[in-house]
Amino acid sequence: MLNDPLVQELLNEVVQDEENISIVECLIDGTNTDEEIAEKTEIKLNIVRKVLYKLYDSGLASYKRSKDPETQWYTYSWKFDSNGVNTQIQEKSADEINNLREILEIEENNMFFVCPEGHSRFAFDQASEMGFICPECGNDISFQENDGIISRIKEEIANYEKAYSIGITENAK
């Protein structure tokens, strides 16, 4: 599971330091208390707890609290939630695909004009209102063919859809 680039990206966003991925590895391997994880990874206990709570807040880990009858202290047993990973990847991929589709629709349904100096890019309506003159430098703006942009967006959507379907089926195993 940790070899999947989508999972790695998600976990790196949550734990924010590649060294802390070893905490997730311990959870997956069955180590379940923060003290055991700290000992096994040689990461400070407060950092382990901080990462575990980040995983919990992100829906990627859960815990059970139990009280030690002798010391009266609480022990937290942590568990990694692989279903949470799949859900997060699905949601993130779906959001990205939707954003790309919105951008694609704008690109397909508009004509664009650009400043030769690279200052700005305008849809036809905006360019018309400005008299086809760049507001920053005063140069004439010219029509930009956006077939290449449309192709790249379609390719990106296809890549996300492919990665999304492959990532989910592999992670479900």
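Glu13 is partly exposed, with a relative accessible area of 44%. In this predicted model, the Glu13 side chain meets that of Lys92 in a salt bridge, with N and O 2.2 Å apart. Lys92 lies in helix 5 (residues 82–108) and Glu13 in helix 1 (residues 5–15), so the bridge ties together parts of the chain that are 79 residues apart in sequence. Lys92, for its part, has a relative accessible area of 32%, which makes Lys92 partly exposed.

The count of salt bridges in the model comes to seven. As a general point, side chains of opposite charge can pair when their charged atoms come close. Another of these pairs is formed by Glu107 and Arg121, whose closest N and O atoms are 2.8 Å apart. Glu107 belongs to helix 5 and Arg121 to strand 4 (residues 121–123), so this salt bridge ties together parts 14 residues apart in sequence. Is Glu107 buried or exposed? With a relative accessibility of 6%, where the cut-off for buried is under 20%, Glu107 counts as buried. Its partner Arg121, by contrast, counts as partly exposed at 32% relative accessibility.

Helix 5 also provides Glu108, whose side chain meets that of Lys154 in a salt bridge with an N to O distance of 3.6 Å. Here Lys154 comes from helix 7 (residues 147–171) and Glu108 from helix 5, so the pair ties together parts that are 46 residues apart in sequence. Lys154 counts as partly exposed, its relative accessibility being 44%. Glu108 is partly exposed as well, with a relative accessible area of 42%. Beyond single pairs, salt bridges with shared partners join Glu9, Glu13 and Lys92 into one network.

It helps next to turn to the domains. The domain assignment of the chain gives domain 1 as residues 5–80 and domain 2 as residues 85–171. Taken over C-alpha atoms, the centres of domain 1 and domain 2 are separated by 39 Å. Nine residues from domain 1 and eight residues from domain 2 take part in the contact. The size of an interface is often given as the accessible area lost when the parts come together. Between domain 1 and domain 2 the buried area is about 710 Å², and carbon and sulfur atoms give 70% of that area. Which residues of domain 1 lose the most area to domain 2? These are Leu6, Val7 and Leu10, which together make up 64% of what the domain 1 side buries.

Polar interactions also occur between the two domains. Two salt bridges are counted between domain 1 and domain 2. The salt bridge described at the outset, with the side chains of Glu13 and Lys92 meeting at 2.2 Å from N to O, joins residues that fall within the bounds of domain 1 (5–80) and domain 2 (85–171). Three residue pairs are in polar contact between domain 1 and domain 2, both residues being at pLDDT 80 or more. On the side of domain 1 that touches domain 2, helix 1 supplies the largest share, namely five residues. By residue class, that side of domain 1 divides into five nonpolar, two polar and two charged residues.

Note on methods. Residues numbered from 1 in each chain as written. Heavy atoms only, no water. Salt bridge = Lys/Arg side-chain N within 4 Å of Asp/Glu carboxyl O. Helix = DSSP H or I, 4+ residues; strand = E, 2+ residues; numbered from the N terminus. Buried < 20%, exposed > 50% of the residue type's maximum accessible area, 1.4 Å probe, protein only. Domains from an automatic or database assignment. Contact = heavy atoms within 4.5 Å. Buried area = accessible area lost by both parts, 1.4 Å probe. Polar contact = N/O pair within 3.5 Å; in protein donor to acceptor, adjacent residues only side chain to side chain. Nonpolar A, V, L, I, M, F, W, Y, C, P; charged D, E, K, R; others polar.
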